[in-house]
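User: I am new to protein models and would like to learn how to read one, feature by feature. Could you take me through the one shown here?

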Amino acid sequence: MRVAELMITDLKTVEPEATVAEAVTSMIDAHISALPVVDGRNRLIGVVSTTDILQAAAEEPAVHDQLFGETLVRDLMTPRPATVGLETDVKEAAQQMLYLEVHRLFVEDEGELVGVISQSDIVRGVAMAKL
(Lines give C-alpha, C1' and ligand atoms only; values in the text may rest on other atoms or scores of the structure.)
Protein backbone atom coordinates (compact mmCIF):
# COMPACT_ATOMS: atom_id res chain seq x y z
CA MET A 1 0.00 0.00 0.00
CA ARG A 2 1.21 3.47 -0.89
CA VAL A 3 1.29 6.57 1.32
CA ALA A 4 -1.08 8.30 -1.13
CA GLU A 5 -3.84 5.86 -0.12
CA LEU A 6 -3.77 6.75 3.59
CA MET A 7 -2.49 10.33 3.78
CA ILE A 8 -4.57 13.33 4.79
CA THR A 9 -4.78 15.96 2.07
CA ASP A 10 -6.96 18.60 3.73
CA LEU A 11 -4.06 20.29 5.51
CA LYS A 12 -4.02 23.27 7.80
CA THR A 13 -0.78 25.15 7.26
CA VAL A 14 0.88 28.18 8.77
CA GLU A 15 3.18 30.83 7.33
CA PRO A 16 6.54 31.50 8.99
CA GLU A 17 5.48 35.07 9.82
CA ALA A 18 2.46 33.95 11.89
CA THR A 19 2.70 34.31 15.65
CA VAL A 20 2.89 31.30 17.91
CA ALA A 21 -0.51 32.33 19.32
CA GLU A 22 -2.01 32.12 15.82
CA ALA A 23 -0.44 28.70 15.29
CA VAL A 24 -1.77 27.43 18.62
CA THR A 25 -5.27 28.68 17.77
CA SER A 26 -5.13 26.89 14.41
CA MET A 27 -3.99 23.64 16.04
CA ILE A 28 -6.74 23.84 18.66
CA ASP A 29 -9.42 24.61 16.07
CA ALA A 30 -8.31 21.71 13.84
CA HIS A 31 -7.66 19.26 16.73
CA ILE A 32 -4.10 18.60 15.55
CA SER A 33 -0.72 18.62 17.24
CA ALA A 34 1.44 20.16 14.51
CA LEU A 35 1.25 22.48 11.53
CA PRO A 36 3.40 22.37 8.42
CA VAL A 37 5.09 25.72 7.81
CA VAL A 38 4.94 26.67 4.12
CA ASP A 39 6.22 29.51 2.00
CA GLY A 40 4.16 31.49 -0.50
CA ARG A 41 4.49 28.71 -3.10
CA ASN A 42 3.20 25.99 -0.71
CA ARG A 43 6.72 24.61 -0.27
CA LEU A 44 7.36 22.93 3.06
CA ILE A 45 10.00 24.80 5.04
CA GLY A 46 9.37 23.52 8.55
CA VAL A 47 6.94 22.19 11.10
CA VAL A 48 5.76 23.69 14.37
CA SER A 49 4.36 21.26 16.92
CA THR A 50 2.98 21.32 20.41
CA THR A 51 6.29 19.81 21.50
CA ASP A 52 8.20 22.78 20.04
CA ILE A 53 5.90 25.22 21.84
CA LEU A 54 5.96 23.37 25.16
CA GLN A 55 9.76 23.13 25.07
CA ALA A 56 10.07 26.86 24.43
CA ALA A 57 7.61 27.65 27.23
CA ALA A 58 9.43 25.35 29.67
CA GLU A 59 12.80 26.92 28.91
CA GLU A 60 11.60 30.47 29.54
CA PRO A 61 8.52 30.46 31.80
CA ALA A 62 8.97 34.15 32.59
CA VAL A 63 8.52 35.14 28.94
CA HIS A 64 5.22 33.29 28.42
CA ASP A 65 3.32 36.34 27.10
CA GLN A 66 6.15 37.28 24.77
CA LEU A 67 6.36 33.70 23.46
CA PHE A 68 2.73 33.65 22.42
CA GLY A 69 2.25 37.27 21.47
CA GLU A 70 5.47 38.21 19.75
CA THR A 71 7.38 35.10 18.75
CA LEU A 72 7.00 34.14 15.10
CA VAL A 73 6.55 30.56 13.95
CA ARG A 74 9.80 30.73 11.94
CA ASP A 75 11.71 31.30 15.20
CA LEU A 76 10.28 28.17 16.81
CA MET A 77 9.66 25.70 13.99
CA THR A 78 11.70 22.63 13.26
CA PRO A 79 13.26 23.25 9.85
CA ARG A 80 13.44 20.61 7.12
CA PRO A 81 10.90 18.12 8.47
CA ALA A 82 10.95 14.55 7.21
CA THR A 83 9.11 13.96 3.96
CA VAL A 84 8.06 11.09 1.73
CA GLY A 85 6.66 10.85 -1.77
CA LEU A 86 3.21 9.76 -2.89
CA GLU A 87 4.50 6.38 -4.04
CA THR A 88 6.35 5.54 -0.81
CA ASP A 89 5.26 2.23 0.69
CA VAL A 90 3.39 2.65 3.99
CA LYS A 91 5.68 0.12 5.70
CA GLU A 92 8.69 2.18 4.65
CA ALA A 93 7.01 5.35 5.96
CA ALA A 94 6.27 3.63 9.28
CA GLN A 95 9.90 2.47 9.57
CA GLN A 96 11.09 6.01 8.84
CA MET A 97 8.82 7.40 11.60
CA LEU A 98 10.23 4.86 14.07
CA TYR A 99 13.83 5.54 13.05
CA LEU A 100 13.44 9.33 13.19
CA GLU A 101 11.22 9.21 16.29
CA VAL A 102 8.55 11.41 14.70
CA HIS A 103 4.76 11.17 14.70
CA ARG A 104 4.17 12.26 11.12
CA LEU A 105 5.77 12.57 7.71
CA PHE A 106 4.81 15.23 5.22
CA VAL A 107 4.03 14.10 1.69
CA GLU A 108 5.46 16.04 -1.23
CA ASP A 109 4.91 15.78 -4.95
CA GLU A 110 7.55 17.52 -7.07
CA GLY A 111 8.55 19.65 -4.08
CA GLU A 112 5.02 20.78 -3.23
CA LEU A 113 3.29 19.82 0.01
CA VAL A 114 0.29 17.60 -0.82
CA GLY A 115 -0.46 15.73 2.40
CA VAL A 116 0.62 14.26 5.69
CA ILE A 117 0.67 10.71 6.98
CA SER A 118 0.78 10.11 10.71
CA GLN A 119 1.06 7.15 13.02
CA SER A 120 -2.69 7.48 13.58
CA ASP A 121 -3.37 7.21 9.85
CA ILE A 122 -1.41 3.97 9.69
CA VAL A 123 -3.21 2.56 12.72
CA ARG A 124 -6.52 3.55 11.11
CA GLY A 125 -5.47 1.69 7.94
CA VAL A 126 -4.73 -1.43 9.96
CA ALA A 127 -8.00 -1.18 11.91
CA MET A 128 -10.00 -0.75 8.71
CA ALA A 129 -8.23 -3.81 7.24
CA LYS A 130 -6.63 -1.71 4.50
CA LEU A 131 -3.18 -2.99 5.45
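Analyst: What follows goes from the whole chain to its helices and then to single residues. This is a predicted model, in which local features need pLDDT of at least 70 and side-chain atom pairs count only at pLDDT 80 or more, while totals for chains, interfaces and linings use all residues. Residues are numbered from 1 along each chain as its sequence is written, and side-chain values use heavy atoms, with hydrogens and water left out.

User: Where do I begin: how many helices and strands does the chain have?

Analyst: Helices (H or I, at least four residues) and strands (E, at least two) are DSSP runs, numbered from the N terminus. Here the chain has five helices and six strands, and from the N terminus on these elements run α-β-β-α-α-β-β-α-β-β-α.

User: What does the radius of gyration tell me about the chain?

Analyst: The radius of gyration is taken over C-alpha atoms, and the globule rule is 2.2 Å times the number of residues to the power 0.38. For 131 residues a compact globule would have a value near 14 Å, and the chain, with 15 Å, agrees with that. Along its principal axes, the C-alpha trace spans about 50 × 30 × 25 Å.

User: Which share of the residues counts as buried, and which share of the contacts joins residues 24 or more positions apart?

Analyst: A residue is buried under 20% relative accessible area, exposed over 50%, and partly exposed in between (1.4 Å probe, protein chains only). By that rule, 36% of the 131 residues count as buried. Contact means heavy atoms within 4.5 Å, and of the contacts in the chain with a separation of 6 or more, 58% are between residues 24 or more positions apart.

User: How do I read the sides of a helix, and which residues of α1 are buried?

Analyst: One looks down the helix axis and asks how wide an arc the buried residues cover, the arc being that of the directions from the helix axis to the C-beta atoms. In α1 (residues 20-30), Val20, Ala23 and Met27 are buried. These buried residues fall within an arc of 60°, so they line one face of the helix. The face of α1 turned away from that buried side carries the exposed residues Ile28 and Asp29.

User: And which residues are buried in α2?

Analyst: In α2 (residues 50-59) they are Asp52, Ile53 and Ala56. They cover an arc of only 95° around the axis, which puts them on the same side of α2. On the face turned away from the buried side, α2 carries the exposed residues Leu54 and Ala58.

User: What should I know about phi, and where is it positive here?

Analyst: Most residues other than glycine have a negative phi. In this model, histidine 31, which follows α1, has a positive phi near 55°. Arginine 80 has a phi near 50°, a positive value in a residue other than glycine, and it is found in the loop between β3 (78-79) and β4 (83-85). Glutamate 101, with a positive phi near 55°, lies in the loop between α4 (90-100) and β5 (104-109).

User: Are those two loop residues, arginine 80 and glutamate 101, buried or exposed?

Analyst: Arginine 80 counts as exposed at 73% relative accessibility, and glutamate 101 counts as exposed at 72%.

User: Which residues does a buried residue touch, for instance leucine 105?

Analyst: Leucine 105 lies in strand β5 and counts as buried at 0% relative accessibility. Leaving aside its neighbours within four places in sequence, leucine 105 is in contact with Ala82, Val84, Ala93, Gln96, Met97, Val116 and Ile117. Serine 118, in strand β6 (residues 112-118), is buried with a relative accessible area of 16%. Not counting residues up to four places away in sequence, serine 118 touches Met97, His103 and Arg104. Threonine 19, in the segment before α1, is buried at 17%, and beyond four places in sequence it touches Phe68, Gly69, Thr71, Leu72 and Val73.

User: How does separation along the chain relate to distance in space, say for serine 118 and valine 102?

Analyst: These are two separate quantities, and one reads them side by side. Serine 118 and valine 102 are 16 residues apart along the chain, and their C-alpha atoms are separated by 8.8 Å. For leucine 105 and threonine 71, 34 residues apart along the chain, the C-alpha atoms are separated by 25 Å.
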